[in-house]
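Me: I want to go through a model one question at a time. Please keep the answers short and end each on the value or name I ask for.

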Amino acid sequence: MILIDGKKISDAARAEIKERTEKLKKETGKTPGLATILVGDDPASQTYIKSKIKACEDAGIRSMHYSLPASSSQEEIIALIKKLNDTPDADGILLQLPLPGNQDAQDCINAISPLKDVDGLHPFNAGMLNLSKSWNEIIKKNLLVSCTPLGVIYLLQKSQIPMEGKTAVVIGRSNLVGKPLSMLLLANNATVIMAHSKTKNLKEICKTADIAVAAIGKPGFITKDYVKDGATVIDVGINRADGKLCGDADFESFKDTDVAITPVPGGVGPMTITMLLENTLKAFENRRSEITK
Ligand code: NAP
């Protein structure tokens, strides 16, 4: 087994982001800022938000946090988002998902200014990703792309795992992970197969993959029987089983193989927050060029 150390790659990326933040502050006299919104008090969401706030502080990015009660109406959430759209110090706005009640998450996201949509979930940004013809275009246009998929591409690039001409199977078709990741792999010239709960012969399809990405939400689902020798497994899943954090891949089953794999924890997870910082800097840069246009 070859371990893809997401924590190590993420630490190096955060050090670079910190340097860039310092440089941007010197150049502009302004501090890039991220506004986070948490509705309700779900313990897992609270933990994610705390990690995001700490990561901002460590990188020198200003963080502004807003807590709303679980009983908040969609209109109240949207009113806060609109206020933050007009707040100059908030370069990025992150609405922690899932929402606790029957508020419509996509309606709330649609209220975020596309320029501040650091999760890349606004239809404008999701559409721009779909329209992109290449990775170079995505980078050149400083597009705001969903953080977890962006982190996966970063991990593959930093681990020197080629994508061009390779077969990539993405298991899971959510708007948050599976769909944008498939578009990013396509932009990197992989041949992409999108699989989901209705896919027939999943094992056989996965066996054709040079890169298999599991974004399912089922602990230990992908075993070594799904993966061919020498392939790469990117485990996006974050699950709890027997009180422990684990991924969608059965990590132990890959021990005696020559498969390259990301662990959980310490694989894709740290990269997601790192890409949130990256997107906050992109949003700052994009808005700066908007303002000075
Ligand atoms: P989601 O919205 O629940 O989507 C799960 C996807 O898996 C769906 O497309 C579903 O197919 C598919 N699926 C379910 N059972 C399947 C099966 N037996 N065979 C094939 N496909 C199956 O989840 P998500 O938001 O994409 O998240 C997926 C996992 O990643 C979760 O564990 C989540 O916690 C984790 N995650 C991690 C990070 C991170 O930073 N590492 C970030 C986001 C999410 P259908 O569409 O047909 O239902």
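The questions below cover the ligand site, the domains, the core and some backbone details.

Me: What kind of model is this, and what is left out of side-chain values?
Reply: This is a predicted model, where local features need pLDDT of at least 70, side-chain atom pairs count only at pLDDT 80 or more, and totals for chains, interfaces and linings use all residues. Residues are numbered from 1 along each chain as its sequence is written, and side-chain values use heavy atoms, leaving out hydrogens and water.

Me: How many residues surround the ligand?
Reply: A residue counts as near the ligand if one of its heavy atoms lies within 4 Å of it. The closest include Arg-173, Ser-174 and Lys-218. The number of residues around the ligand is 22.

Me: How many residues of the shell around the ligand are charged?
Reply: Ala, Val, Leu, Ile, Met, Phe, Trp, Tyr, Cys and Pro count as nonpolar, Asp, Glu, Lys and Arg as charged, and the others, Gly among them, as polar. The shell has 10 nonpolar and 10 polar residues. The charged residues number two.

Me: Which residue has a side-chain N or O atom 2.6 Å from an oxygen atom of the ligand?
Reply: A polar contact is a pair of N or O atoms within 3.5 Å; within protein, one must be able to donate a hydrogen and the other to accept it, and residues adjacent in sequence count only if both atoms are side-chain atoms. Arg-173 places a polar side-chain atom 2.8 Å from a ligand oxygen. Ile-238 uses a polar backbone atom, at 3.1 Å from a ligand oxygen. The 2.6 Å pair belongs to the side chain of Ser-197.

Me: What share of the ligand's exposed area does the protein bury?
Reply: Areas come from the Shrake-Rupley method with a 1.4 Å probe; for residues, only the protein chains shown count as cover. Taken alone, the ligand exposes 920 Å². The protein buries 72% of that.

Me: Which element gives the largest share of the shell around the ligand?
Reply: Helices (H or I, at least four residues) and strands (E, at least two) are DSSP runs, numbered from the N terminus. The largest share is three residues. They come from residues 268–291, helix 10.

Me: Is Asn-286 buried or exposed?
Reply: Asn-286 lies in helix 10. Buried means under 20% relative accessible area, exposed over 50%, and partly exposed in between (1.4 Å probe, protein chains only). Asn-286 has 17%, so the class is buried.

Me: What distance separates the centres of domain 1 and domain 2?
Reply: The chain is divided into domain 1 (30–113) and domain 2 (146–269). Such bounds come from an automatic or database domain assignment. Taken over C-alpha atoms, the centres are separated by 28 Å.

Me: Which helix gives the largest share of the largest nonpolar core?
Reply: A nonpolar core is a set of buried Ala, Val, Leu, Ile, Met, Phe, Trp, Tyr and Cys residues joined through side-chain atoms within 4.5 Å. The largest one has 53 residues, and Ile-138, Leu-156 and Val-236 are among those with the most contacts inside it. This core draws at least three residues from each of domain 1 and domain 2. The largest share, nine residues, comes from helix 10.

Me: Which proline follows Val-264 through a cis peptide bond?
Reply: Most peptide bonds are trans. The bond from Leu-97 to Pro-98 is cis, with omega near 0°, and Pro-98 lies in the loop between strand 4 (92–95) and helix 4 (105–110). In the loop between strand 11 (260–261) and helix 10 sits another proline. After Val-264, the cis bond leads to Pro-265.

Me: What is the relative accessible area of Gln-160?
Reply: Gln-160 has a positive phi of about 55° although it is not a glycine. Its place is the loop between helix 7 and strand 5 (167–171). Gln-160 is exposed because its relative accessible area is 70%.
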